[in-house]
Amino acid sequence: MLTGDLRCHSAFKGSNATFITDIPTALGGRGEYPPPSAMLGATLASCMMSMLAYTGKRKGFPTDGISVQATCREDNSGICAFDLRISVPMNPPQNVRALMEAAVRSCPVGNALRPDIPKNISWVYAGDTLPD
């Protein structure tokens with residue numbers, strides 16, 4: 001429901017879950033709540049983490065503590081890329097890493113997005129050194 005001040009309040013049928021989005025401040029919004037593009041990035045990240053958890057449970061590898069930082073990049077034409085940094089607080093063997101990466105690529109939300117919008121995924125495992 002549009003509630004004024006370029007704000008939208010959404011509710012999920014069958015639950016008490018709600019969220020609010022604002023139009024970006026650059027377009028005249030108040031900026032008190034995330035814009036829809038940030039919510040889309042968060043939805044993509046959540047789907048990827050859900051697929052990781054599901055695959056980990058099925059294949060028997062731990063997933064607790066894995067997190068993702070998602071950024072939605074925009075230009076004058078709209079969303080132009082998603083940058084996702086997945087942090088893994090362990091150093092799994094290569095075969096488990098391959099399972100994890102395949103799980104992330106199987107995310108239905110990511111697969112539903114336009115294929116010409118890049119989803120740049122970087123992985124950081126425990127013990128990795130970060131570039132400057």
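What is the handedness of the crossing of helix 1 and helix 2? In this predicted model, the crossing of helix 1 and helix 2 is right-handed. The two helices and the sheets around which the description is organised are treated in turn below, beginning with the helix pair.

Two packed helices are described by the angle between their axes and the distance between the axes. For helix 1 and helix 2, the packing angle is about 135 degrees, and the axes lie 8 Å apart. Angles over 145 degrees would count as roughly antiparallel and those from 65 to 115 as roughly perpendicular; helix 1 and helix 2 are therefore oblique to each other. On the side of helix 1, the contact is made by M48, M51, L52, T55 and K59, which meet L99, M100, A103 and V104 of helix 2. Sorted by class, the residues in this contact comprise 7 nonpolar, 1 polar and 1 charged.

One of the residues in this contact, M48, was examined further. M48 belongs to helix 1. The relative accessible area of M48 is 2%; because the cut-off for a buried residue is under 20%, M48 counts as buried. When neighbours within four places in sequence are set aside, the contacts of M48 are L84, V104, C107 and I121. The C-alpha atom of M48 is separated by 14 Å from that of T71, a residue 23 positions away along the chain.

Three strands form an open sheet with the order 4-5-6 and mixed pairing. The edges are occupied by strand 4 (67-75) and strand 6 (119-125), each of which has a single partner strand, so one side of each is left without a neighbour in the sheet. From one strand to the next, the twist of this sheet averages 15 degrees. Strand 5, covering residues 78-88, runs parallel to strand 6, and 7 bridges join the two. Within this pair, D83 stands opposite N120 of strand 6.

Both helices pack on this sheet. Helix 1 (residues 36-59) touches strand 4, strand 5 and strand 6, and its direction makes about 40 degrees with that of strand 5. Helix 2 (residues 94-105) touches strand 5 and strand 6, and its direction makes about 150 degrees with that of strand 6.

The pairing of strand 4 with strand 5 is antiparallel and involves 9 bridges. In this pair, S67 is placed opposite S87 of strand 5. The connection from strand 4 to strand 5 is a hairpin through 2 residues.

A further open sheet of 3 strands has the order 1-2-3, and its pairing is antiparallel. Strand 1 (2-4) and strand 3 (18-22) are the edge strands, each pairing on one side only. The twist in this sheet averages 25 degrees from one strand to the next. Strand 1 is joined by 2 bridges to strand 2 (residues 7-11), and these strands run antiparallel. G4 stands opposite R7 of strand 2.

The loop between strand 1 and strand 2 contains D5, and L6 is also placed in the loop between these strands. The backbone of D5 has a positive phi of about 55 degrees, although D5 is not a glycine. For L6, likewise a residue other than glycine, phi is positive and near 60 degrees. The relative accessibility of L6 is 47%. Because buried residues fall under 20% and exposed ones over 50%, L6 counts as partly exposed.

L6 is also among the contacts of T21, a residue found in strand 3. With a relative accessible area of 8%, T21 is buried, whereas L6 is partly exposed. Leaving aside neighbours within four places in sequence, T21 is in contact with L6, R7, C8, Y33, P34, P35, P36 and M39. Of these residues, R7 is the one that stands opposite G4, and M39 falls within the span of helix 1, residues 36-59.

Key
Residues are numbered from 1 along each chain as its sequence is written. This is a predicted model: local features need pLDDT of at least 70, side-chain atom pairs count only at pLDDT 80 or more; totals for chains, interfaces and linings use all residues. Side-chain values use heavy atoms; hydrogens and water are left out. Two strands pair if DSSP finds at least two bridges between them. Helices (H or I, at least four residues) and strands (E, at least two) are DSSP runs, numbered from the N terminus. Axes are lines fitted to C-alpha atoms, for helices over the stretch in contact, and angles run from 0 to 180 degrees between N-to-C directions. Contact means heavy atoms within 4.5 Å. Buried means under 20% relative accessible area, exposed over 50%, partly exposed in between (1.4 Å probe, protein chains only). Angles under 35 degrees count as roughly parallel, over 145 as roughly antiparallel, 65 to 115 as roughly perpendicular and the rest as oblique. A crossing is left-handed if the near helix is turned anticlockwise from the far one by less than a right angle, and right-handed if clockwise. Ala, Val, Leu, Ile, Met, Phe, Trp, Tyr, Cys and Pro count as nonpolar, Asp, Glu, Lys and Arg as charged, and the others, Gly among them, as polar.
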